[in-house]
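The following exercises are to be worked with the sequence and the coordinates at hand. Each task is followed by a solution in steps.

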Amino acid sequence: MLHEADRGGWAEALERGRIVHFPRCPLALPSPDDQDFLREGLALYLRRKNISYYPDAEKLAGLRAPASVLDRARRILRDHSGRVRDFLQGGMPGFTRGWSPGTSSFRPMEEEGRGLSPHASNELIHVDAGAYGATHGDRILRFFVNLNPWRERVWISKGTFEELFRRHGAEAGLGGGGLQAFPMARVVDTSPYDRRMRRFHNWMKDTAQFQEPPHERFSFAPFSAWMVLTDGVSHACIQGQHALVDTFLIPLANCRLIAPYHLLAGAA
Ligand SMILES: [Fe+2]
């Protein structure tokens, strides 16, 4: 499922449910000092599992810390977020047109054995459902960097949304003739799409049998980067610590191929 980035055609690869992989992160990373600060200087101050910068509001969440620490963390994530945006807009001008940049986050915790509740656990395979509330079918694009100098970040997957929807949609309560009612239901339901995505997400995490192997396994080396439409590719992060994750909402109208929205609406 990996698509080596030097082959080009990123937007199409993403839409086909591939992980676009950069063996070396293709943009400048925070300075070594700033990286040390993220990895080691924040542990005392963590209030959430992620430290997130919101570019629109220029707001930082996830830390309770002295102003100097907050300012430095905010500056590092703001600068990184700007570089990621420039890079993606340059590489995929059509696909990113009219997009909404979301958060730029640092994930400070070891992913293995965090023991979170099932629905919050990143260790269980899922597709992402919702980002900053309802997406109404817009796609969730995430750009990851493994900022750990020594250890790989490890993902497992059970395939694309499309494959899983065809195989398990009915079992998850998403099949049957009710799909035609989808556009009509909009009148009474603000986002039937997001409800169904959430339902599928929860079904995956709640279904022990679904979580069983076989899996595809992906190991991302230190300082490598990768991007993926996380609503279209199932994933779980089972190992790794210290990653940068930037999130964007891509308008559904920019997509040329079948998206989860079309499958759930029965329009496919
Ligand atoms: Fe996810």
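**Exercise 1. The iron site**

Task: Determine whether H235 is buried or exposed, and establish which residues coordinate the iron ion.

Solution.
1. In this predicted model, the relative accessibility of H235 is 5%. The cut-off for a buried residue is under 20% relative accessible area, so H235 counts as buried.
2. H235 donates NE2 to the iron ion, alongside NE2 of H126 and OD of D128, at 2.1 to 2.2 Å.
3. Along the sequence, these donor residues follow the spacing H-x1-D-x106-H.
4. H126 is located in the loop between strand 5 and strand 6, and H235 in the loop between strand 9 and strand 10 (236-239); the pair therefore ties together parts that are 109 residues apart in sequence.
5. The accessibility test can be repeated for H126: its relative accessible area is 4%, so H126 is buried.

**Exercise 2. The sheet of 8 strands**

Task: State in what order the strands of the 8-stranded open sheet are arranged, and identify its edge strands.

Solution.
1. The order is 1-2-9-6-11-5-3-4, and the pairing is mixed.
2. Strand 1 (2-4) and strand 4 (59-61) each pair on one side only, which makes them the edge strands.
3. The average turn between neighbouring strands of this sheet is 20°, with direction ignored.
4. One pair within the order may be examined in detail: strand 2 (residues 19-22) and strand 9 (residues 225-229) are antiparallel and share 3 bridges. Here H21 is placed opposite W226 of strand 9.
5. Helix 3 (residues 67-91) lies across several strands, among them strand 2, strand 5 (100-107), strand 6 (139-146) and strand 11 (243-250), and runs at about 50° to strand 11.

**Exercise 3. Helix 2 against helix 3**

Task: Classify the packing of helix 2 and helix 3 from the angle between their axes.

Solution.
1. Helix 2 (residues 32-40) packs with helix 3 at an angle of about 120°, and the axes are 11 Å apart.
2. Roughly perpendicular covers 65 to 115 degrees, and roughly antiparallel requires over 145. Helix 2 and helix 3 are therefore oblique to each other.
3. The handedness of the crossing of helix 2 and helix 3 is left-handed.
4. At the contact, D33, D34, F37 and L38 of helix 2 meet V69, R72, A73, R75 and I76 of helix 3.
5. The buried residues of helix 2 are D34, Q35, F37, L38 and R39. These buried residues pack against helix 3, and also against strand 5 and strand 11.

**Exercise 4. The sheet of 3 strands**

Task: Describe the open sheet of 3 strands by its order and pairing, and give a bridge partner for V154.

Solution.
1. The order is 8-7-10, with antiparallel pairing.
2. Strand 8 (216-220) and strand 10 are the edge strands, each pairing on one side only.
3. Neighbouring strands of this sheet are turned by 30° against each other on average, direction being ignored.
4. Strand 7 (residues 153-157) runs antiparallel to strand 8 and is joined to strand 8 by 5 bridges. The bridge partner of V154 in strand 8 is S219.

**Exercise 5. Helix 4, helix 6 and H168**

Task: Characterise the crossing of helix 4 and helix 6, and describe the surroundings of H168.

Solution.
1. The axes of helix 4 and helix 6 (residues 192-206) come within 12 Å and cross at roughly 80°. Helix 4 is thus roughly perpendicular to helix 6.
2. On the side of helix 4 (residues 161-168), the residues at the contact are F161, L164, F165 and H168, which meet M197, F200, W203 and M204 in helix 6.
3. H168 has a relative accessibility of 15% and so counts as buried.
4. With neighbours within four places in sequence left aside, H168 is in contact with F200, W203 and F210.

**Exercise 6. P108**

Task: Locate P108 and list its contacts beyond the sequence neighbourhood.

Solution.
1. P108 is found in the loop between strand 5 and strand 6.
2. Its relative accessibility is 9%, so P108 counts as buried.
3. Not counting residues up to four places away in sequence, P108 touches L46, K49, N50, I51, Q241 and H242.
4. L27 is 81 residues from P108 along the chain, and the C-alpha atoms of P108 and L27 are separated by 21 Å.

Notes:
Residues numbered from 1 in each chain as written. Predicted model: local features only at pLDDT ≥ 70, side-chain atom pairs only at ≥ 80, totals over all residues. Heavy atoms only, no water. Pairing = 2+ DSSP bridges. Helix = DSSP H or I, 4+ residues; strand = E, 2+ residues; numbered from the N terminus. Axes fitted to C-alpha atoms, helices over the stretch in contact; angles between N-to-C directions. Contact = heavy atoms within 4.5 Å. Donors = N, O, S within 2.8 Å, 3.2 Å for Na, K, Ca; no water. Buried < 20%, exposed > 50% of the residue type's maximum accessible area, 1.4 Å probe, protein only. Parallel < 35°, antiparallel > 145°, perpendicular 65-115°, else oblique. Left-handed = near helix turned anticlockwise from the far one by under 90°.
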